[in-house]
Amino acid sequence: MKQEIPYKIYLEEQEMPRQWYNVRADMKKKPAPILNPETLKPITAEELSHIFCEELAKQELDDTTPYFDIPDDIRNFYKMYRPSPLTRAYCLEKKLDTPAHIYYKFEGNNTSGSHKLNSAIAQAYYAKHQGLRGVTTETGAGQWGTALSMACAYLDLDCQVYMVKCSYEQKPFRREVMRTYGAKVTPSPSMNTEVGRKINAQFPGTSGSLGCAISEAVEAAMGQEGYRYVLGSVLNQVLLHQSVIGLETKAALDKYGIKADIIIGCAGGGSNLGGLISPFAGQMIKGEADYEIIAVEPASCPSLTRGVYAYDYCDTGRVCPLAKMYTLGSGFIPSANHSGGLRYHGMSSTVSELYDQGYLKARSVEQTEVFKAAQMFARVEGILPAPESSHAIRVAIDEALKCRETGEEKNIVFGLTGTGYFDMVAYQKFNDGNMVDYIPTDEELQKAAAALPKV
């Protein structure tokens with residue numbers, strides 16, 4: 001007798017992953033090494049440990065170890081909100097009149113409201129374990145800053161957040177949650193750092209970018225004894241921690257004998273996308289299964305679909321290591337009217353290499369279409385999605401509509417990375433009809449790409 005599939009698939013606590021999965025270990029062609037910005041040679045763990053915690057530096061450079069044990073203290077923290085549910089979107093399927101089965105992995109069931117907490121607690125744990133006083137970081141839409149603030153409060157660490165200026169102004173409630181957890185939040189670019197003053201002088205009135213905020217956070221960390229810098233996306237270590245998303249998703253699907261046909265994730269720096277797809281991409285690399293994986297990015301910041309695959313600085317101030325990635329150029333600053341957090345100029349080196357090898361596809365979508373999808377999802381599924389997550393919702397809906405046309409009964413899985421309850425300024429603009437789309441011109445992108453380092 002066929003096992004009935006419940007509305008929400010909850011794994012038992014004991015089924016929560018005990019190890020993180022490192023997809024790089026199974027990649028036949030590894031991502032290119034990150035480079036020391038001064039020597040332009042592959043950076044060492046010792047050099048990287050001046051910026052990151054020692055254990056995180058080791059994780060960052062390890063492309064041979066397939067599994068890392070999750071420390072008990074981190075796993076016990078995860079138990080507050082993990083395993084997270086894999087939900088069948090029956091109401092959305094009915095609304096679309098599609099034969100497709102739509103599932104979403106919901107990462108918003110924690111106080112920080114997003115998947116970012118999966119890596120925030122890990123990075124804070126290693127900082128505390130090393131005996132550090134505190135950490136510095138950047139945040140775009142504020143989800144990462146909120147998660148890190150929560151993790152640092154839990155472990156009694158100082159937390160300093162440089163928040164992209166347009167988000168600092170547009171998302172005051174997200175900012176206040178960080179401050180409630182004890183974090184110091186500074187709009188970026190600021191006048192508190194040398195690089196911030198330089199960027200403000202070069203771009204008067206700039207709304208900021210993640211690249212700017214990264215530069216400031218790194219400078220702040222290196223200028224204070226007992227501090228290290230931590231990052232919420234892009235890095236290999238972050239994708240490693242976020243693999244709990246994909247591992248749980250695969251376990252839930254396997255539990256009921258469901259084979260995903262299409263897997264969709266929003267893409268900014270690559271943290272949630274890389275975490276969601278890692279075990280599935282690993283199967284593809286080993287020839288064990290085949291999936292259609294789609295990375296969805298904003299048309300206003302299209303690193304995969306319109307970027308260049310090249311070595312580039314990971315920050316606007318050019319103080320961080322260089323990574324080979326799909327990039328728009330470290331000097332690219334997205335339009336201030338872009339309402340999501342997917343504002344990074346580049347893409348994770350691991351995701352970039354998987355994309356270059358053809359293991360995933362990429363699409364860019366305009367934000368008015370994204371918010372139409374968000375509105376539909378909220379009305380029929382009862383969750384107000386984050387603008388970032390809504391990029392994945394948009395393409396999931398598009399794929400489900402294709403199934404309606406062809407009659408194919410495909411299983412579509414997407415990542416619902418968090419909630420949008422702190423994004424009401426953006427929703428207000430959409431509801432008032434004041435939201436506009438912005439797509440950078442070829443000339444703008446060519447100008448940014450021309451400034452790429454000659455490596």
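**Loops, cores and helix pairs**

Biologist: Where is P83 found?

Modeller: Helices are DSSP runs of H or I with at least four residues, strands are E runs of at least two, and numbering goes from the N terminus. Helix α3 covers 72-78. P83 is found in the loop between α3 and β4.

Biologist: Where does the residue numbering start?

Modeller: This is a predicted model: local features need pLDDT of at least 70, side-chain atom pairs count only at pLDDT 80 or more, and totals for chains, interfaces and linings use all residues. Side-chain values use heavy atoms, with hydrogens and water left out, and each chain is numbered, as its sequence is written, from 1.

Biologist: Which residue is joined to P83 by a cis peptide bond?

Modeller: The omega of this bond is about -5 degrees. The bond joins P83 and R82.

Biologist: What is omega for the peptide bond from S188 to P189?

Modeller: P189 sits in the loop between β8 (184-188) and α9. The bond from S188 to P189 is cis. Its omega is near 5 degrees.

Biologist: Is T87 buried or exposed?

Modeller: T87 is in strand β4 (residues 86-88). Burial is judged with a 1.4 Å probe on protein chains only: buried is under 20% relative accessible area, exposed is over 50%, and partly exposed is in between. T87 is at 0% relative accessibility, so it counts as buried.

Biologist: Which residues does T87 touch, not counting those up to four places away in sequence?

Modeller: Contact means heavy atoms within 4.5 Å. On that basis T87 touches Y7, K8, I102, Y103 and Y104.

Biologist: Which exposure class does L40 fall in?

Modeller: L40 lies in the loop between β2 (19-21) and α1 (45-48). Its phi is positive, about 60 degrees, although L40 is not a glycine. At 39% relative accessibility, L40 counts as partly exposed.

Biologist: Is D156 buried or exposed?

Modeller: D156 is in the loop between α6 (143-155) and β7 (158-164). It is not a glycine, yet its phi is positive, near 60 degrees. At 63% relative accessibility, D156 counts as exposed.

Biologist: How many disulfides does the structure hold?

Modeller: A disulfide needs two cysteine sulfur atoms within 2.5 Å. The number in this structure is 0.

Biologist: Which cysteine sulfur is nearest to that of C266?

Modeller: C266 is in no disulfide. It is buried, with a relative accessible area of 1%. The nearest cysteine sulfur is 13 Å away, and it belongs to C301.

Biologist: What separates the sulfur of C301 from the closest cysteine sulfur?

Modeller: C301 is also buried, at 2% relative accessibility. The closest cysteine sulfur is in C166. It is too far for a bond because the separation is 11 Å.

Biologist: Which helix gives the most to the largest nonpolar core?

Modeller: A nonpolar core is a set of buried Ala, Val, Leu, Ile, Met, Phe, Trp, Tyr and Cys residues, joined through side-chain atoms within 4.5 Å. The largest has 74 residues, and those with the most contacts inside it are W20, I74, Y78, L148, I263, I277 and L360. The top helix gives 8 residues and spans 117-129: it is α5.

Biologist: How many residues are in the second, separate core?

Modeller: This core includes V296, A374, F377 and M435. Its residue count is 33.

Biologist: Which residues contact I263, leaving aside neighbours within four places in sequence?

Modeller: I263 is among the residues with the most contacts inside the largest core. Its contacts are L276, I277, F280, Y291, E292, I293, I294 and V413.

Biologist: Which orientation class fits α11 and α12?

Modeller: Axes are lines fitted to C-alpha atoms, for helices over the stretch in contact, and angles between N-to-C directions run from 0 to 180 degrees. The axes of α11 (residues 236-255) and α12 (residues 271-285) come within 6 Å and cross at roughly 55 degrees. Under 35 degrees is roughly parallel, over 145 roughly antiparallel, 65 to 115 roughly perpendicular, and the rest oblique. The two helices are therefore oblique.

Biologist: Which orientation class fits α9 and α10?

Modeller: The axes of α9 (residues 194-202) and α10 (residues 210-222) come within 8 Å and cross at roughly 150 degrees. E194, V195, G196 and I199 of α9 meet C212, S215, E216 and E219 of α10. The pair is therefore roughly antiparallel.

Biologist: What separates the C-alpha atoms of A450 and L210?

Modeller: A450 lies in helix α18 (residues 442-450) and counts as exposed at 55% relative accessibility. A450 and L210 are 240 residues apart along the chain. Their C-alpha atoms are separated by 20 Å.
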